[in-house]
Amino acid sequence: MFTRVVVFASPQEVADTVAHKFLERVVDLLGSRDEVQVCLTGGGTADLVYERFADLAAEAKLDLGRLHLWWGDERFVAATDPDRNSLQALSRLGRTLPIQSARIHMMAARDGRADPHDCASEYAAELGDTHFDLTFLGMGPDGHVASIFPGHPSFDATSRAVIGVTESPKPPSERISLTIPTLNRSDEIWFIVTGTGKADALLRVLEGDESLPASHAHGQQATYWFVDQAVASKLPARYVCPL
């Protein structure tokens with residue numbers, strides 16, 4: 001297992017490179033197994049990745065019939081709410097890709113549902129013992145990942161694979177999230193992090209500050225941090241590696 005930090009000039013360059021690397025990884029995985037399990041994240045730079053990946057996959061005529069998509073967390077809002085991570089991702093991936101609904105594993109929306117905790121249990125049942133080939137993660141300025149926040153009950157130790165989150169420090173207040181151990185059921189974790197406001201958190205994570213949830217997220221084979229120069233501005237040179 002190793003961790004590698006790769007720095008790019010801008011968020012767009014991060015997105016372009018990660019999209020190409022994502023395509024290469026999916027093609028490689030599809031050549032060696034029946035199904036591929038990918039866990040997605042939300043966020044502006046991640047959405048740029050999905051936008052570019054959709055174009056690249058269409059050009060490559062990639063058959064995604066064996067690709068399963070999961071989500072690391074979701075806002076517990078209406079299905080049509082633009083804040084939903086799954087809506088943002090699928091609106092981009094679905095532009096050019098024939099994605100099969102049986103392989104799209106979205107977390108429940110609020111519509112007709114009152115309790116994110118019950119919905120979390122349902123998602124855990126659907127997830128079962130799924131092991132991810134690749135998990136995408138972002139990170140907040142406070143070092144949170146998915147909807148696991150520092151100093152919040154969502155960060156408490158639990159045996160649950162998926163949790164409902166209430167009174168979130170970041171709106172909306174109700175969410176559903178995979179737990180850290182579930183996120184870590186992944187061969188590789190790819191962090192996509194940009195912006196000056198996250199520079200302090202990135203340094204703290206790489207220096208092993210265990211008070212931050214992001215410090216606990218590790219792929220079983222590799223963890224990549226794809227970052228722009230702004231978020232890497234406080235990193236000593238020893239942390240940065242070539243791709």
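Here is a quick tour of the two largest pockets in this predicted model.

Start with the largest pocket, which holds about 350 Å³ of space. Its lining is made up of 22 residues, and the ones closest to the centre are G42, G43, G138, M139 and K170. Two elements, α2 (44–59) and β4 (73–75), give two or more residues each to that lining. Of these, α2 is the top contributor, with three residues. As for chemistry, the lining of the largest pocket splits into ten polar, seven nonpolar and five charged residues.

Now for the second largest pocket, with about 170 Å³ of space. Here 15 residues do the lining, and T3, V205, L206, H218 and W225 sit nearest the centre. At least two residues apiece come from β1 (2–8), α6 (199–206) and β9 (222–228). The biggest share of this lining belongs to β1, which supplies three residues. Sorted by class, the second largest pocket is lined by eight nonpolar, five polar and two charged residues.

Side by side, the two pockets look like this:

| Pocket | Space | Lining by class |
|---|---|---|
| Largest pocket | about 350 Å³ | seven nonpolar, ten polar, five charged residues |
| Second largest pocket | about 170 Å³ | eight nonpolar, five polar, two charged residues |

If you want to find these spots in the viewer, G42 and K170 are among the residues closest to the centre of the largest pocket. For the second largest pocket, try T3 and W225, which are among the residues nearest its centre.

Terms used: Residues are numbered from 1 along each chain as its sequence is written. This is a predicted model: local features need pLDDT of at least 70, side-chain atom pairs count only at pLDDT 80 or more; totals for chains, interfaces and linings use all residues. Side-chain values use heavy atoms; hydrogens and water are left out. On a 1 Å grid over the protein atoms alone, a cavity is a set of points where a 1.4 Å probe fits but cannot get out, and a pocket is an open set with protein on both sides within 12 Å along at least five of seven lines; lining residues have an atom within 4 Å of a point. Grid points are joined across faces, edges and corners, and a volume is the space filled by probe spheres set on the points. Helices (H or I, at least four residues) and strands (E, at least two) are DSSP runs, numbered from the N terminus. Ala, Val, Leu, Ile, Met, Phe, Trp, Tyr, Cys and Pro count as nonpolar, Asp, Glu, Lys and Arg as charged, and the others, Gly among them, as polar.
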